[in-house]
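Colleague: Could you take one part of this model and walk me through it closely? I'd like to hear how the helices sit against each other, and then whatever else you can say about their surroundings.

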Amino acid sequence: MSFPNYGQALFKPMKQERHEETNVNLYYFSDFERHNAEIAAFHLDRILGFRRIPPVIGRLINVIKEIKEVTTDHKLVTTFFNSPVGNTCFHGHCSYYCSTEHAVCGRPIKLEGSLAVMLPDLSLAPRHSWRSPWRRSYSRTNQAEWETNSNYCDTVKQTPPYDRGTRLVDVIDMSILDFLMSNMDRHHYETFEKFGNDTFLIHLDNGRAFGRHSKDEPSILAPLVQCCRVRRSTLLRLRLLSLPPYRLSDVMRASLSRDPLAEVAPLLTEPHLSALDRRLETVMQAIQDCLQQHQHHSDVIYDDIMDYPQA
Ligand SMILES: Nc1ncnc2c1ncn2[C@@H]1O[C@H](COP(=O)(O)OP(=O)(O)OP(=O)(O)O)[C@@H](O)[C@H]1O
Ligand SMILES: [Mn+2]
């Protein structure tokens with residue numbers, strides 16, 4: 001979406017009700033994208049102290065006044081229609097999913113959506129897209145190597161850029177974030193090319209997170225479990241978020257209540273918030289198991305805050 005002041009944002013419309021859980025027969029790669037997941041992922045990433053997801057905010061949009069009547073895309077205007085119950089819908093033009101069957105509909109003209117801050121244009125700030133070493137196979141029949149080889153991390157650790165610096169612990173942070181929000185769709189992550197290899201990661205596309213609250217997906221934690229490495233700053237933050245006064249679900253609830261869409265309905269339902277606390281316990285237990293399996297704490301804990309005193 002482009003604004004009159006030339007600002008841009010990436011818009012994802014609401015596709016699914018907040019209380020709906022992803023159908024158990026759907027593979028992760030067929031799941032819908034959820035606008036509230038994009039918003040909640042931004043908040044969670046910030047609460048974890050990572051700040052690798054560009055800001056995302058919710059908006060209730062009037063599809064006639066704020067899209068149809070002001071767009072300069074004349075083709076888009078021709079795709080607006082009224083649904084049988086009188087809601088205003090549109091589908092735009094693209095190669096897949098741009099048809100009346102996959103239209104986006106207002107109620108009757110109001111549409112919820114997420115707006116992500118647009119990163120600088122690729123011509124100004126080129127980004128490198130990195131395939132995650134723990135990428136899923138995106139197939140109903142094939143397994144990825146990490147699913148069958150329990151020594152997989154040893155290979156990753158020897159492969160640049162994971163063989164030095166913080167890249168490996170960055171990917172492990174990413175797996176903790178994804179496990180907490182149950183995102184199985186992290187096929188890639190990005191970096192700004194200008195900053196070389198010693199730089200922070202960027203996590204775009206979080207729309208398939210927060211699909212199920214009643215089930216956890218342990219395989220998302222494979223990088224942590226297989227490598228038994230974690231940043232000390234991450235561990236300290238997770239510990240803090242396990243304490244009653246800073247309970248992750250409470251901090252998330254408070255943070256999400258500041259989003260404009262919270263006035264329509266809470267961004268995450270209570271079962272999703274409790275799932276965060278349950279999954280955080282699982283992460284803490286995984287780190288505990290690693291510490292027990294290793295002789296020295298420093299084998300497991302990557303000390304990235306050396307001037308901060310040990311507990
Ligand atoms: N905040 C952003 N700023 C700039 N570009 C972005 C932003 N978020 C996503 N993109 C780019 O837009 C494209 C599509 O975004 P996204 O992956 O979220 O949508 P998608 O519908 O899930 O697409 P895909 O099927 O490719 O995963 C990606 O190439 C991504 O690099
Ligand atoms: Mn995607």
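Modeller: Let's start with α9 and α10 in this predicted model: the two helices pack at an angle of about 145°, with their axes 8 Å apart. The crossing of α9 and α10 is right-handed. On the α9 side, the residues that meet the partner are L248, S249, M252 and R253, and on the α10 side they are L273, S274, L276, D277 and L280. Sort that contact by class and you get 5 nonpolar, 2 polar and 2 charged residues.

Now, α9 also turns up around another helix. The buried residues of α1 pack against α9 (248-256), and also against β1 (9-13), β2 (56-62), β6 (110-117) and α6 (167-181). So what does α1 itself look like, covered or not? Mostly covered, with 11 of its 13 residues buried. Those buried residues run through H35, N36, A37, E38, I39, A40, A41, F42, H43, L44 and D45. Its length checks out too: at 1.5 Å a residue, the 13 residues of α1 (residues 35-47) should span 18 Å, and the end C-alpha atoms are 19 Å apart, which agrees. After α1 comes G49, with a positive phi near 85°.

Of the partners of α1, α6 is worth a stop. All the way along it is covered: 15 of the 15 residues of α6 are buried, so this helix is largely enclosed by the rest of the structure. From first C-alpha to last, α6 reaches 21 Å, close to the 21 Å expected for its 15 residues at 1.5 Å a residue. Just after α6, S182 takes a positive phi of about 55°.

Back towards the start of α1, have a look at R18, in the loop between β1 and α1. R18 counts as partly exposed because it has 19 C-beta neighbours inside 10 Å, and a residue needs 20 or more to be called buried. Leaving aside residues up to four places away in sequence, R18 touches N36, A265 and T269; N36 is one of the buried residues of α1. There's a long-range pairing here as well: R18 and F210 are 192 residues apart in sequence, yet 9.5 Å apart in space, C-alpha to C-alpha.

Last, the ligand. Around ligand 1 you'll find L10, E33, P54, A116, V117, M118, L119, L204, D205 and G207. By class, that shell has 7 nonpolar, 1 polar and 2 charged residues.

Technical notes: Residues numbered from 1 in each chain as written. Chains lettered and ligands numbered in written order. Predicted model: local features only at pLDDT ≥ 70, side-chain atom pairs only at ≥ 80, totals over all residues. Helix = DSSP H or I, 4+ residues; strand = E, 2+ residues; numbered from the N terminus. Expected span 1.5 Å × (residues − 1). Buried ≥ 20, exposed ≤ 12 C-beta atoms within 10 Å, placed from the backbone. Contact = placed C-beta atoms within 7 Å. Axes fitted to C-alpha atoms, helices over the stretch in contact; angles between N-to-C directions. Left-handed = near helix turned anticlockwise from the far one by under 90°. Nonpolar A, V, L, I, M, F, W, Y, C, P; charged D, E, K, R; others polar. Near = placed C-beta within 6 Å.
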